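Student: Could you take me through one part of this model in detail? I'd like to hear about the salt bridges and what surrounds them.

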Amino acid sequence: MINHKVYAAIKEIEDLKIFMQYHIYAVWDFMSLLKSLQQHLTCTSVPWFPTGPADTRYLINEIVAGEESDIDSFGVRKSHFELYLDAMAQCGADTAPIEKFIANLKETGDLQTAFQVAEVPMAAQAFVDFTFQVIDSNKNHVQSAVFTFGREDLIPGMFISIVNDIHQNFPESISIFKYYLERHIEVDGDHHSHLALEMTAKLCGDEEEYWAEAAQLTLQSLEKRIQLWDGAYNEIMARVSVAVG
């Protein structure tokens, strides 16, 4: 996945816009997976009762605080999803589909209806569907493993270099996205990844069956991410062929 051809295909800001219009669904469902873990591993209802080991509660709550209420480049509190939407708006990427998707999902509670109404790309639909299958499994060790091993810290340095190159030519268009990536490396790739690894280790424990199941679902999640990247790549190449033609 870290050697996927989509990274090399991103040469212009128009290519980056297409990539972001796919990637935003992974950013969003990452938050849904995170909140599912928090609901399972802590008490989020009233009256409150101690739920699970305090160490695990701490780990998930620490990650949630950073992901759901981080700071943007101006010091304003925002979730990473909201920060990504800001980055899309700044560079001119189309945010209408993801916004329509979320609005319809709030109204209907039905993923398939929201997909259709928002005309979500098929690769993004498959990615989100898989994530919600993991959520619906109600298996904490599986959710934690997919969250830990199949998420954003797999974005390679090559992609960051490409973004930096584009930023030199269009600083006013992708400064927020550049900040998002840098912040992600600083917070998610270091502190949060260690917390998530510890959480997964605690949830799987000494259960070989848990580790095997976690590995299997993690591999499937990576396959879905590759398919998501394939969708972005194919659309980028279609745009390039039209531009050349």
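Tutor: Sure, and keep in mind that this is a predicted model. Let's start with D15, which counts as buried because its relative accessible area is 1%, under the 20% cut-off. D15 pairs up with R239 in a salt bridge, with the closest N and O atoms 2.8 Å apart. That pair links distant parts of the chain: D15 sits in helix 2 (residues 13–41) and R239 in helix 11, 224 residues apart. On the other side of the bridge, R239 is partly exposed, at 23% relative accessible area. The pair isn't alone, either: E12, D15 and R239 are linked in a network of salt bridges.

Helix 11 takes part in another bridge, where the side chains of K139 and E213 meet at 2.5 Å, N to O. K139 lies in the loop between helix 7 (122–136) and helix 8 (140–149) while E213 is in helix 11, so this bridge ties together parts 74 residues apart in sequence. K139 is partly exposed, with a relative accessible area of 35%.

Helix 11 itself covers residues 208–244, and E208 is found in it. E208 is exposed, at 68% relative accessible area, and it gathers with D206, E207 and E209 in a surface patch of negative charge.

For the wider picture, the structure holds 10 salt bridges. One more of them joins D86 to K78, with the closest N and O atoms 2.4 Å apart. Both partners are partly exposed: D86 has a relative accessible area of 25%, and K78 comes in at 23%.

Methods. Residues are numbered from 1 along each chain as its sequence is written. This is a predicted model: local features need pLDDT of at least 70, side-chain atom pairs count only at pLDDT 80 or more; totals for chains, interfaces and linings use all residues. Side-chain values use heavy atoms; hydrogens and water are left out. Patches are made of residues with over 30% relative accessible area and no salt bridge: like charges are joined within 9 Å, nonpolar side chains (Val, Leu, Ile, Met, Phe, Trp, Tyr) within 5 Å. Accessible areas come from the Shrake-Rupley method with a 1.4 Å probe; for residues, only the protein chains shown count as cover. A salt bridge is a side-chain nitrogen of Lys or Arg within 4 Å of a carboxyl oxygen of Asp or Glu. Lys and Arg count as positive and Asp and Glu as negative; His and the chain ends are not counted. The place of a charge is taken as NZ of Lys, CZ of Arg, CG of Asp or CD of Glu. Helices (H or I, at least four residues) and strands (E, at least two) are DSSP runs, numbered from the N terminus. Buried means under 20% relative accessible area, exposed over 50%, partly exposed in between (1.4 Å probe, protein chains only).
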